[in-house]
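Biologist: Please take a close look at the salt bridges in this predicted model. Which charged side chains pair up, where do they lie, and are they buried or exposed?

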Amino acid sequence: MKQKIINFMKKGLGEELFLKLICIKRIIFNNLRDLPEFSLMRNYDEFQRMLGDSRVIQNIEAQIELLTRNMDERSVLEINRIIHHWKLAEAMQYLNNEARQITADDYREQQNWLKAKEQIKKKYCLNNASDYSPEVFYYHHGIKFLPPKAKEYLKERDFLDVGAFNGDSALVLQEYQPRKIYCFEASEANVKTLLETMQNNNIESAKFEIVQSAVGEKSGQIKFCDSADSGAHIDTTGISVPVCSLDDWIKKSSNLNIALIKADIEGMGLDMLMGMKEVLKKFRPVLLLAIYHNQLEFFEIKPQIEELKLNYCFAIHKLCPGKLLTETTLIAYPEELAE
């Protein structure tokens with residue numbers, strides 16, 4: 001009976017208006033139990049984490065202008081949405097109804113993801129059922145938004161998966177026919193799981209190589225918290241692990257032909273960028289960079305790339321529907337690959 005009523009309302013109102021009414025209903029009643037991946041408090045925590053970053057951005061309006069410069073209209077809207085909620089959270093120190101609105105697009109994308117998830121679980125084998133995430137398995141870290149020429153650019157060339165976690169990204173990236181994927185992961189526990197993931201999914205050993213190291217601006221040692229999950233991160237109270245700059249790493253590696261760098265390294269994105277400028281100049285790879293962990297990642301990565309004058313196109317996509325900030329990703333590719 002419930003489904004009949006829903007179908008009747010959709011037919012009478014039209015899908016767009018129906019979805020908006022559903023969103024309003026969810027806001028008023030705060031009834032998100034049937035969508036467990038929506039977490040309002042976690043959304044708030046995302047902003048508090050960024051707002052509490054000790055490396056505070058100065059002259060915020062100028063930084064917004066730099067970030068939005070030469071961006072497509074959809075990316076500018078996404079940036080403005082994030083900034084709006086950020087300022088609201090900072091001013092009020094809690095999320096009111098306006099700040100936690102779920103848009104019709106978000107709701108539709110969430111439903112699409114939940115439908116696709118069942119087929120994805122049949123296609124890929126992970127040890128933990130909770131590790132199937134939309135940014136990896138639905139959006140492919142943003143590759144789905146690349147123009148056709150950029151996707152063609154990737155074939156039979158090398159990928160760098162920085163922050164490889166349990167091998168989930170390396171599984172999906174195999175769909176784009178890389179020559180080899182180099183999986184950078186500092187967590188010993190995650191490396192063990194990554195190997196199991198590759199074996200369980202019959203990925204040939206020649207198709208990937210594990211580099212057990214953190215990635216940053218300079219090579220050496222760094223303190224690291226090995227939480228054995230996707231949140232493993234740099235921590236001054238942690239254990240000592242190797243860290244390498246990608247510029248140093250390519251000097252020790254031969255016959256590389258890098259076409260793509262995907263990176264989600266828990267706030268170290270800008271540090272990584274400062275240590276890979278020669279990589280960018282030499283290979284001009286497609287970039288899929290998480291920029292949601294702190295203010296410097298969010299505001300400074302794109303302008304730093306632009307300063308290299310490599311003629312890149314940029315876009316920003318949020319790859320986790322229903323969340324305000326999580327999995328916000330900067331997508332960049334050489335302009336000659338644009339449609």
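Modeller: Helix 5, which spans residues 73–92, holds both Arg-81 and Glu-78, and the two are three residues apart, about one turn of the helix. Their side chains meet in a salt bridge with an N to O distance of 2.6 Å, and both Arg-81 and Glu-78 are buried.

A second pair with a short numbering gap can be set beside a pair that reaches across the chain. Lys-155 forms a salt bridge with Glu-152, and the closest N and O atoms of that pair are 3.2 Å apart. Lys-155 has a relative accessible area of 33% and so counts as partly exposed, while Glu-152, at 48% relative accessibility, also falls in the partly exposed class, because that class lies between 20% and 50%.

Asp-161 forms a salt bridge with Lys-262, with the closest N and O atoms 2.7 Å apart. This pair links distant parts of the chain, since Asp-161 belongs to strand 1 (residues 158–162) and Lys-262 to strand 8 (residues 258–263), 101 residues apart. Asp-161 has 0% relative accessibility and therefore counts as buried, and Lys-262, with a relative accessible area of 2%, is likewise buried, because the cut-off for burial is under 20%.

Beyond these pairs, Arg-69, Lys-302 and Glu-306 are linked in a network of salt bridges. For the structure as a whole, the count of salt bridges is twelve.

Notes
Residues are numbered from 1 along each chain as its sequence is written. This is a predicted model: local features need pLDDT of at least 70, side-chain atom pairs count only at pLDDT 80 or more; totals for chains, interfaces and linings use all residues. Side-chain values use heavy atoms; hydrogens and water are left out. A salt bridge is a side-chain nitrogen of Lys or Arg within 4 Å of a carboxyl oxygen of Asp or Glu. Helices (H or I, at least four residues) and strands (E, at least two) are DSSP runs, numbered from the N terminus. Buried means under 20% relative accessible area, exposed over 50%, partly exposed in between (1.4 Å probe, protein chains only).
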